[in-house]
Amino acid sequence: MRKVSLLLTVLAALVGVISGCGTGDDAVAQGDTFQFVSPGGQTVITYPVADRKKVADLSGPDLVTDAPLSLSDDRFRDKVVVVNVWGSWCGPCRGEADDLEQVYEQTKDLGVEFVGINLRDDRDSAKDFVADRNVGFPSIYDFDGMTLSALTTPTAVVPTTVILDRRHQPATVFLKAVTAEELDAAVRRVAAESPAATTPAPASAPGQP
């Protein structure tokens, strides 16, 4: 199920579930080729290192400045990256905003960065949300969901939070609003992983085993 879930492309599912601002076990259909149900109704999914696959680059305009913002930017290189999918229209997103900011401040010195994906939102409302809550990390403005479609993880609910390891592979996914306590513990666990655990072994030279 983990391998299947990592193949999910969420764009086709957004219209059906976005209005619910749900918290977890929705079934998601993608044409005739894919169907995903959160494994056992789980709202928190942890992937062992061996099962992780690198996500595509996430990029789009910065919500506030409109400058290009990308997961491949230097600020995110070799960092654990917490990706939060949110909208100012979403009640649970409003509820978790302070928790996200708290963990961002508590873990940045561990080589951790945060980036939001602001989805299906009025841009001015989203900017007000960020200003009112003193959010310190950037968000990609993604009204049409094109940025989110590149995030091939089981995210079909808003809010969703994905912790990427230092190779930008999904390590933990929260298909629900998060608390500071649970997010802090999960982020620290990923940040403490040995670099060797997330770095593939070098290929053998020709003629060597």
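1. Where in the chain is Asp-78 found? In this model, which is a predicted one, Asp-78 sits in the loop that runs between strand 5 (68–70) and strand 6 (80–86). Its backbone deserves a look, since Asp-78 has a positive phi of about 60 degrees although it is not a glycine. The residue is exposed, because its relative accessible area of 55% is over the 50% cut-off.

2. A second residue with a backbone of this kind is Arg-120, a residue other than glycine whose phi is positive and near 50 degrees. Arg-120 is placed in the loop between strand 7 (112–119) and helix 4 (123–132), and with a relative accessibility of 35% it counts as partly exposed.

3. Turning to the interior, the largest nonpolar core has 51 residues, of which Leu-58, Val-83, Phe-114, Ile-163 and Leu-183 touch the most other members. At least two residues of this core come from each of several elements, among them strand 6, helix 3 (91–107), strand 7, helix 4 and helix 5 (180–191); strand 8 (139–142), strand 9 (160–164) and strand 10 (170–174) each supply at least two as well. As general background, nonpolar side chains in soluble globular proteins tend to be buried together.

4. Val-83 can serve as a viewpoint on that core, being one of the residues that touch the most other members. When neighbours within four places in sequence are left aside, Val-83 is in contact with Leu-58, Val-115, Ile-117 and Leu-151, and also with Thr-160, Thr-161, Val-162 and Leu-164.

5. The largest pocket holds about 180 Å³ of space. It is lined by 17 residues, and the closest to its centre are Trp-86, Val-130, Val-135, Phe-137 and Ser-139. Strand 6, helix 3 and helix 4 are the elements that give two or more residues to this lining, with helix 3 giving the most, namely 5 residues. Sorted by class, the lining of the largest pocket consists of 11 nonpolar, 3 polar and 3 charged residues.

6. The structure holds 8 salt bridges. One of them joins the side chains of Arg-123 and Asp-66, with an N to O distance of 3.0 Å. Arg-123 belongs to helix 4, whereas Asp-66 lies in the loop between strand 4 (59–61) and strand 5, so this pair ties together parts of the chain that are 57 residues apart in sequence. Both partners count as partly exposed, Arg-123 at 23% relative accessibility and Asp-66 at 49%.

7. Another salt bridge is formed by the side chains of Glu-105 and Lys-108, at 3.4 Å from N to O. Here Glu-105 is partly exposed at 41% relative accessibility, and Lys-108 is likewise partly exposed at 35%.

8. A further salt bridge links Arg-188 with Asp-184, where the closest N and O atoms are 2.8 Å apart. The two residues both lie in helix 5, 4 residues apart, which is about one turn of the helix. Arg-188 is partly exposed with a relative accessible area of 35%, whereas Asp-184, at 14% relative accessibility, counts as buried because that value is under the 20% cut-off. Elsewhere in the list of charged pairs, Arg-52, Asp-165 and Glu-193 are joined into one network by salt bridges that share partners.

How values were computed
Residues are numbered from 1 along each chain as its sequence is written. This is a predicted model: local features need pLDDT of at least 70, side-chain atom pairs count only at pLDDT 80 or more; totals for chains, interfaces and linings use all residues. Side-chain values use heavy atoms; hydrogens and water are left out. Buried means under 20% relative accessible area, exposed over 50%, partly exposed in between (1.4 Å probe, protein chains only). A nonpolar core is a set of buried Ala, Val, Leu, Ile, Met, Phe, Trp, Tyr and Cys residues joined through side-chain atoms within 4.5 Å. Contact means heavy atoms within 4.5 Å. On a 1 Å grid over the protein atoms alone, a cavity is a set of points where a 1.4 Å probe fits but cannot get out, and a pocket is an open set with protein on both sides within 12 Å along at least five of seven lines; lining residues have an atom within 4 Å of a point. Grid points are joined across faces, edges and corners, and a volume is the space filled by probe spheres set on the points. Ala, Val, Leu, Ile, Met, Phe, Trp, Tyr, Cys and Pro count as nonpolar, Asp, Glu, Lys and Arg as charged, and the others, Gly among them, as polar. A salt bridge is a side-chain nitrogen of Lys or Arg within 4 Å of a carboxyl oxygen of Asp or Glu.
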